[in-house]
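Please look through the sequence and the structure shown below before reading on. The report that follows takes up a few residues at a time.

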Amino acid sequence: MRAGAIPTINQMVGAGIITLPGIMSGQILVGQDPMAAAQSKIFLMFLLCVASVVSIIIAVGLAIARLTDARHSLRLDRLSKPKG
């Protein structure tokens, strides 16, 4: 789960320091207050991070459900190669 969340967290760290993201610069060019543009960008980055973490949790949960049995034992025989 940690390895899946690292790219999203790194993107959030560098969003305001390194780059001026497109949505924020577009709002500033249109004439919106820079603080409001920054707040909307922070909110958008937060929503993307939450969506990423939720999808990671779902993927790990499905993998655990697929690879374990009722006694929570690892069942490697359930791991199959893709056909094709």
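A residue is called buried when its relative accessible area is under 20%, exposed when that value is over 50%, and partly exposed in between. The model discussed here is a predicted one, and these three words will be used for its residues throughout.

**Confidence of the prediction**

The chain has an average pLDDT of 83, and 92% of its residues reach a score of at least 70. Confidence is not even along the chain: helix α1, which covers residues 2–15, has the lowest value with a mean of 81, whereas α3 has the highest with 88.

**Two residues of helix α3 that are covered**

A37 belongs to helix α3, and because its relative accessibility is 0%, under the limit of 20%, A37 counts as buried. Which residues does A37 touch, once its neighbours within four places in sequence are left aside? They are M24, Q27, I28 and Q32. T68, by contrast, is 31 residues from A37 along the chain, and the C-alpha atoms of the two are separated by 47 Å.

K41 also has its place in helix α3, which spans residues 34–67. When residues up to four places away in sequence are not counted, K41 touches P21, I23 and M24, and M24 was also named among the contacts of A37. G22 lies in helix α2, made of residues 22–30, and is exposed because its relative accessibility of 57% is over 50%. Between G22 and K41 there are 9.4 Å from C-alpha to C-alpha, while in sequence they are 19 residues apart.

Side chains of opposite charge can pair when their charged atoms come close. How far from K41 is the nearest side chain of opposite charge? That side chain belongs to D33 and is 17 Å away, and K41, although buried, has no salt bridge. A salt bridge requires a side-chain nitrogen of Lys or Arg within 4 Å of a carboxyl oxygen of Asp or Glu, so a distance of 17 Å does not allow D33 to serve as a partner for K41.

**The salt bridges**

By the rule just given, the count comes to two salt bridges, and both are set out in the table.

| Salt bridge | N to O distance |
|---|---|
| D69 and R71 | 3.9 Å |
| R75 and D77 | 2.8 Å |

How covered are the residues that take part? D69 is buried, because its relative accessible area is 13%, whereas its partner R71 counts as exposed because its relative accessibility is 67%. In the other pair, R75 is partly exposed at 27% relative accessibility, while D77, with a value of 55%, counts as exposed.

**The surface of helix α3**

Seven residues are listed together in a nonpolar patch on the surface, namely F43, F46, L47, V50, V54, I58 and L62, and their accessible area comes to about 670 Å² in total. One of them, L62, is found in helix α3, and L62 counts as exposed because its relative accessibility is 57%.

A59 is likewise located in helix α3, but with a relative accessibility of 46% this residue is classed as partly exposed, since a value must be over 50% for a residue to be called exposed. From A59 to I9 the distance is 18 Å from C-alpha to C-alpha, and the two residues are 50 places apart in sequence.

**The segment after α3**

H72 is found in the segment after α3, where it has a positive phi of about 60° although it is not a glycine. With a relative accessibility of 68%, H72 counts as exposed.

L79 has its place in the segment after α3 too, and is exposed because its relative accessibility is 56%. Along the chain L79 and R66 are 13 residues apart, and their C-alpha atoms are separated by 8.2 Å.

**Looking back**

Helix α3 holds the buried residue A37, as well as L62, which is exposed, and a reader may find it useful to locate these two residues in the structure above. What, finally, sets K41 apart from a charged residue with a partner? K41 is buried yet has no salt bridge, whereas the buried residue D69 does meet R71 in one.

Technical notes: Residues numbered from 1 in each chain as written. Predicted model: local features only at pLDDT ≥ 70, side-chain atom pairs only at ≥ 80, totals over all residues. Heavy atoms only, no water. Helix = DSSP H or I, 4+ residues; strand = E, 2+ residues; numbered from the N terminus. Buried < 20%, exposed > 50% of the residue type's maximum accessible area, 1.4 Å probe, protein only. Lys, Arg positive; Asp, Glu negative; His and termini not counted. Contact = heavy atoms within 4.5 Å. Patch = residues over 30% accessible without salt bridge, like charges linked within 9 Å, V, L, I, M, F, W, Y side chains within 5 Å. Areas by Shrake-Rupley, 256 points an atom, 1.4 Å probe, with all protein chains shown as cover. pLDDT = per-residue confidence, 0-100.
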